[in-house]
Amino acid sequence: MRQRLEEQNRQLHQEIIERQRVEDELRENETRVNALLHAIPDLMFRLNRDGIFVDYKAARSDLYVQAGDSIIGKACHELLPDQLANITHEYIAKTLDSDDIQVFEYQLPVPGRDLRNYEARMVASGNDEVTAIIRDITERKQAEKALQQAKERADEANRAKSVFLANMSHELRTPLHGILGFAQRLEHDATLTEAQREEVKVILRNGDHLLTLINDILDFTKIETNRLALQPAAFALPDMLAQIVDMIGLSARQKGLSFIYEAPADLPHIVSGDQKRLRQILVNLLGNAVKYTDHGDVTLRVKKLETRHSHLEKPGSPSQDSVSQFPISGFRFHIEDTGIGIAPEHLETIFQSFQQADPYQLQEGSTGLGLAISQRLVKMMGGHLQVTSMTGQGSTFWFEVELPVIETGGMDVIQSGHDDISGYPFKETFGTTLAALPADWLATLKRAAEETDIEALFEVIAQIRERDAALADALAQLVHDFEYDEMLTILQENNVSV
Ligand code: ADP
């Protein structure tokens with residue numbers, strides 16, 4: 001008996017020690033949790049499913065809960081504005097029913113201060129209750145708003161700058177065309193002395209340079225304002241390359257460089273793409289190669305990559321159904337030189353607008369826009385312009401694009417190729433309507449396009465709209481895109497003789 005009592009006593013003692021240990025641990029945990037809670041600046045509430053405040057934790061300075069303990073046992077509707085009380089109820093239900101953390105934002109006027117912004121995070125905390133953590137996000141909201149406003153102001157200023165640049169470029173281009181036109185006529189004047197003819201050539205050379213610079217600025221502005229769209233059409237790829245080779249070959253030879261052109265014999269004859277823009281990229285890269293090379297050679301290497309049948313639309317390729325039936329071929333263009341090369345630290349920046357690898361080596365006619373424009377155009381065509389270079393040894397630029405192959409060879413196919421695809425939307429879609437317009441409208445259209453007289457253009461377009469809205473839209477788009485030269489070409493192409 002005594003032995004049993006002693007045993008029970010020992011077990012009881014053991015239990016008391018264990019309980020004591022658990023209590024100590026609980027107290028320690030509570031202290032730790034309380035310390036943690038006090039370190040968190042956010043306001044915390046515990047609410048039950050009916051929206052009754054069960055508990056809270058707030059900094060003493062928190063004006064919102066100055067009422068102190070009196071909030072416990074009260075309902076949201078007694079303490080909060082109606083709208084916020086409703087939202088709180090809605091989120092309590094959502095939190096308890098979904099078990100997910102719920103987040104919402106709201107505004108609340110705080111006594112003596114402005115309207116403040118809060119973010120509430122709600123989690124289920126057992127016992128059919130939620131814990132809501134309320135954070136004052138007024139400063140963050142204000143900073144976000146200020147940032148947004150600053151961005152809008154910067155965008156607006158940038159847009160205004162682009163419009164100004166575009167308008168300015170046009171204003172400059174028109175008189176320059178006049179100067180170049182008359183200089184060209186003068187160059188062939190038989191009464192000129194040799195010395196005078198040389199002087200006229202200087203005018204022409206400098207005028208051409210100026211025109212290139214203005215065109216670069218205009219293109220760049222169009223790209224920046226997303227107003228440049230590719231205009232795919234069927235064209236003879238080998239012919240285009242031959243023209244470039246003639247042109248660049250001449251300037252290379254004038255500098256004492258050899259020009260090498262390598263292209264496969266089976267280069268497709270007719271492809272579909274934006275010929276003007278592809279030529280612009282190649283002329284820019286080859287022009288740079290010649291510009292930045294004093295000895296050695298400049299090479300243009302064209303490779304035909306895999307051909308596939310695809311109905312997938314690629315960026316930059318024509319989306320008309322009529323071209324999706326043609327196989328698509330990849331083409332790689334390599335432009336190599338043995339020139340001054342580009343230092344590794346400049347390889348990234350040369351693609352940025354107005355950036356030049358070495359401002360001290362500035363060449364005539366340089367704007368630092370050529371590569372930025374070329375890179376964007378290659379990207380619009382679905383490719384990526386890349387470069388490798390070694391200082392003093394030369395540079396290689398290359399890119400790949402995919403183009404639908406309309407015909408693999410033969411001149412007679414060019415004609416049928418043209419008819420097959422809607423590469424000349426104006427001729428095919430509007431040719432007849434355009435030619436049937438009253439002669440005086442066409443004359444005004446031509447004069448206004450030549451003089452970039454926007455007001456007059458829109459006046460004629462308004463008249464045209466009454467007859468053919470689609471044609472008017474297409475013409476208005478050209479004005480919108482500053483494509484006055486394009487409009488003149490179209491008038492010419494459609495035999496509009498006025
Ligand atoms: P830029 O009008 O100055 O030629 P680009 O945008 O065409 O403008 O080129 C930017 C810069 O990249 C050039 O100023 C030049 O420093 C460098 N660069 C471009 N192409 C070559 C090249 N083939 N060899 C050496 N440097 C080049």
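**A walk through the sheet and its salt bridges**

The structure holds 29 salt bridges, a salt bridge being a side-chain nitrogen of Lys or Arg within 4 Å of a carboxyl oxygen of Asp or Glu. Keep in mind that this is a predicted model, where local features need pLDDT of at least 70, side-chain atom pairs count only at pLDDT 80 or more, and totals for chains, interfaces and linings use all residues. Residues are numbered from 1 along each chain as its sequence is written, and side-chain values use heavy atoms, with hydrogens and water left out.

Let's start with helix 1 (residues 2-39); helices here are DSSP runs (H or I) of at least four residues, strands are runs (E) of at least two, and both are numbered from the N terminus. Arg21 and Glu18 sit 3 residues apart in this helix, about one turn, and their side chains meet in a salt bridge at 3.1 Å, N to O. Arg32 also has a salt bridge, with Glu28, and there the closest N and O atoms are 3.5 Å apart. Arg32 counts as exposed at 52% relative accessibility, while Glu28 is partly exposed at 48%. Those words have cut-offs: buried is under 20% relative accessible area, exposed is over 50%, and partly exposed lies in between (1.4 Å probe, protein chains only).

Now for the sheet. It is an open one, with 5 strands in the order 2-1-5-4-3 and antiparallel pairing. Strand 2 (53-57) and strand 3 are the edges, each pairing on one side only. From one strand to the next, the twist averages 25°. Two strands count as paired if DSSP finds at least two bridges between them. At one edge, strand 2 is joined to strand 1 (residues 43-48) by 4 bridges, with Tyr56 as the bridge partner of Phe45.

At the other edge, strand 3 pairs with strand 4 (residues 115-124) over 8 bridges, and Tyr106 stands opposite Tyr118. The two strands form a hairpin with 5 residues between them, and Gly112 in the turn has a positive phi of about 80°.

Which side chains of strand 3 point to the buried face? They are Gln102, Phe104, Tyr106 and Leu108, whereas Val103, Glu105, Gln107 and Pro109 point the other way and are not buried. From that second group, Glu105 joins Arg140, Lys141 and Glu144 in a network of salt bridges.

Just before strand 3 comes Ile101, in the loop between helix 3 (82-98) and strand 3 (102-109). Ile101 is partly exposed at 48%.

Methods:
Axes are lines fitted to C-alpha atoms, for helices over the stretch in contact, and angles run from 0 to 180 degrees between N-to-C directions.
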